[in-house]
Amino acid sequence: MIRPEFIIEELRKYMPDADFDMVWKAYAFAARCHKGQKRVSGEPYLSHPLEVAHILTQMKLGYISISVGLLHDTVEDGDTTIEDITDLFGEEASHLVGGVTKISLLKFSSKEEQQAENVRKMILAMSKDIRVILIKLADRIHNMRTLHYLKPAKQKSIARETLDIYAPLANRLGIGWIKTELENNVFKYLWPKEYYDIKKQVEAVEAKREKYLNEIVEKVDQTLKKEGLNVEVHGRPKHYYSIFSKMRRQGIGFDEVFDLMGVRIITNSKQECYTVLGLVHSMYKPIPGNLDDYIALPKANMYQSLHTTIVGPNGKPVEFQIRSQAMHLINEEGIAAHWRYKEGVSKEGKGDEQIVWLRRLLDWQKDVKDPREFLEFVKIDLFPDEVYVFTPQQEVKAFQRGATPIDFAYAIHTDLGDHCVGAKINGKLASLRQELKNGDIVEVLSSQNQHPSRDWLKFVKTSKARTKIGSFVRQAEKKRALALGREYLEKELAKLGVDVKQTMADNKLLPHAQAAGYMSLDSFFVALGLGKLKISHILAKLAPREMELAYKKKTTIASAIKKFISRPAKNAPSYGVRIQGMDDMLIRFAQCCNPVPGDDIRGFISRGRGLVVHSADCPNTLGLGADSDRSVDVEWDIKEKEKHLVMIAVKSRDKPGMLSRITGAIAEFESNITEATVRTNEDNTGSIYLTMEVYDLKQLQGLMNSIMKLPDVVSVERIKDRLAFKAANVSKKA
């Protein structure tokens with residue numbers, strides 16, 4: 001077990017003026033609180049807080065953080081209260097202990113919604129003081145180091161949580177050595193076979209690799225010293241998890257990972273980095289396309305370095321990383337380096353750019369009610385793959401790869417994003433969907449008449465853009481539904497011949513809205529507009545006499561014409577379509593065009609009947625399309641496969657056995673034929689009209705391609721207009 005004297009001495013090396021009495025006091029208090037407690041390993045529990053405190057000295061945090069490292073489990077695992085910590089160690093220490101305790105009490109479950117809510121709470125806790133998460137990371141490092149004492153199921157659970165949450169956090173905060181250690185330990189428990197395979201293969205070539213690298217290091221070091229550059233040059237091994245990630249990401253074997261070897265050069269200044277790069281390229285041939293300048297364009301976590309891959313002796317690729325001492329400090333210690341001299345003096349300053357990410361998360365979570373949606377945003381920002389672009393004023397902006405001009409616009413200002421109508425990239429007009437590339441100069445074109453569209457959500461990448469667009473679209477669609485609901489009720493009341501103005505007076509209408517479960521008239525009208533509420537029930541309350549008369553009249557007419565109408569078809573299933581921000585809405589699939597998953601679709605609000613979903617190119621929606629108040633953006637949301645009806649027309653040469661071959665091709669795709677009509681034409685061809693069940697557009701397209709490949713088939717066409725389909729059937733039967 002590590003001794004407290006060692007921790008004190010480590011702290012003294014970089015903070016000679018620290019309050020060492022506070023650290024001793026924290027140690028003594030923790031020793032009393034954990035007296036008699038044991039870890040699963042059998043060691044005294046006190047060994048854990050001592051190890052955490054020691055890890056915090058490796059981060060070079062201050063005496064308050066180290067004291068909290070010693071105290072961090074006293075509230076959770078003992079009889080101590082936060083008030084006790086405040087009385088003995090002050091507000092700052094108790095605030096940190098409270099934050100770490102809150103995170104420790106979170107149970108990350110496999111249920112996505114629960115995990116999302118826990119992540120939200122963790123982000124909120126850490127954003128108030130970044131030291132909370134630094135202490136929690138130290139706690140997680142020691143727990144991962146002793147994970148072998150736990151049962152396999154618990155090992156996997158903790159390792160998965162570490163890989164999903166804590167390693168990405170360490171990376172996002174720029175603490176490279178913590179990220180690497182956590183990932184390598186996780187690798188051992190989540191993929192043990194692959195871990196030991198890679199370990200064995202690395203060890204098999206380690207001696208040769210070391211000798212090879214040493215020769216390069218010696219040659220480079222001598223060359224740079226001759227040029228008067230006093231720099232550090234040393235070999236850099238590729239970590240096991242890094243090798244595994246590359247193999248899995250690129251689908252390659254161990255023998256195909258060519259950058260197992262690396263050299264790191266640490267200079268005294270930024271200018272020397274570029275001088276060294278030129279000298280390295282004069283010594284070895286660089287591989288084209290493998291130069292990354294993260295000095296001019298730092299990563300989002302403030303990482304800075306020059307990366308280049310050269311062809312070394314014997315034709316083996318070797319990656320060089322070139323950085324200054326200051327850059328190396330930030331790359332390894334990240335945000336922790338900013339706290340080194342701040343404890344007991346001041347909080348973080350406005351210039352601490354790593355803190356900005358947490359502040360952004362706080363702002364975004366205010367706009368996001370669904371915790372699962374928040375989790376998606378956090379994942380986006382924990383796993384960035386950056387691209388760097390310029391504003392017209394040459395200011396650099398970093399985005400994840402795949403970002404668009406709309407993401408750029410929202411990064412500049414929400415108002416600019418909301419009114420973005422177009423963009424110029426490198427002086428040329430560009431699509432709002434165009435992906436930004438490194439070095440692009442982006443100029444946003446805006447108009448006050450432009451507003452966010454749900455279609456934007458299909459291609460924007462950044463959390464801020466998705467949050468703002470989603471919020472606007474939800475509000476706009478609710479506003480549209482409110483107007484439709486009010487209009488619908490007014491028209492139906494007018495049809496009954498009642499006084500609309502008097503009947504819809506707030507004092508008369510509100511009690512009925514509340515009786516239906518809606519506390520405000522606005523929410524009541526929205527429900528009517530979305531089809532959540534049956535208009536007949538409301539009319540029966542508002543105008544019972546008129547409704548009774550209308551019902552009798554309708555029944556009489558219906559009886560008279562009953563023999564002239566066919567039995568209504570069953571409603572199409574109301575599953576498989578998602579409307580963001582609108583739940584429990586009545587949804588029907590249009591039977592005129594029978595859309596299937598994969599089709600472009602459009603929803604139209606039908607007064608009193610909810611939402612009817614058509615194919616985007618359905619002929620019957622041409623007139624509806626102009627009715628913008630009723631049009632709603634929808635998208636497929638299929639969780640389980642369901643069958644959908646489609647109609648196709650097959651034209652073939654009139655040969656024996658054609659129908660059998662066609663139905664055989666359909667059967668191979670596990671599709672069921674519900675209706676078929678066959679007719680021989682005058683030009684010695686045959687027409688077959690089929691109604692079939694398919695799961696989605698992919699299955700339908702495969703089926704149609706299979707039919708088209710059959711000998712003597714002339715054409716295969718999908719028919720989306722049911723009336724045209726029936727007309728064709730009738731004409732063929734006549």
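**Figure 1. Confidence along the chain, from helix α27 to helix α13.** Among the elements of this predicted protein model, helix α27 (residues 722-733) comes out with the lowest mean pLDDT, 52. At the other end sits helix α13 (residues 270-283), with the highest mean, 94. Averaged over the protein, pLDDT is 78, and 79% of the residues reach at least 70.

**Figure 2. Two stretches with pLDDT below 50.** Take residues 344-354 with a pinch of salt: pLDDT is below 50 there. Even so, the model gives this stretch 23 contacts beyond near neighbours in sequence. Residues 560-575 also have pLDDT below 50. For that stretch the model shows twelve contacts beyond near neighbours in sequence.

**Figure 3. The α8/α9 helix pair.** Here we zoom in on helix α8 (residues 131-145) and helix α9 (residues 152-172), whose axes come within 11 Å of each other. They cross at roughly 140°. How does that angle class the pair? Over 145 degrees would count as roughly antiparallel, so at roughly 140° α8 is oblique to α9. The crossing of α8 past α9 is left-handed. On the α8 side, the residues making the meeting are Ile133, Lys136, Leu137, Arg140 and Met144. Their partners in α9 are Ile158, Ala159, Glu161, Thr162, Tyr166, Leu169 and Ala170.

**Figure 4. Helix α17, mostly under cover.** How many of the eight residues in helix α17 (residues 405-412) are buried? Six are, which leaves the helix mostly covered. Look for Pro405, Ile406, Asp407, Phe408, Ala409 and Tyr410, the buried residues of α17. For the wider setting, buried residues make up 49% of the 734 residues in the protein.

**Figure 5. Two cysteines out of reach of the surface probe.** Cys273 has 0% relative accessibility, and because buried means under 20%, this cysteine counts as buried. Cys420 is also at 0% relative accessibility, so Cys420 counts as buried too. And if you're hunting for disulfides, the count for this model is zero.

**Figure 6. The whole fold, for orientation.** Stepping back from the close-ups, the protein has 27 helices and 20 strands. How much of the contact map joins residues at least 24 apart in sequence? Counting contacts between residues at least 6 apart, the share is 66%.

Notes: Residues numbered from 1 in each chain as written. Predicted model: local features only at pLDDT ≥ 70, side-chain atom pairs only at ≥ 80, totals over all residues. Heavy atoms only, no water. pLDDT = per-residue confidence, 0-100. Helix = DSSP H or I, 4+ residues; strand = E, 2+ residues; numbered from the N terminus. Contact = heavy atoms within 4.5 Å. Disulfide = S-S within 2.5 Å. Buried < 20%, exposed > 50% of the residue type's maximum accessible area, 1.4 Å probe, protein only. Axes fitted to C-alpha atoms, helices over the stretch in contact; angles between N-to-C directions. Parallel < 35°, antiparallel > 145°, perpendicular 65-115°, else oblique. Left-handed = near helix turned anticlockwise from the far one by under 90°.
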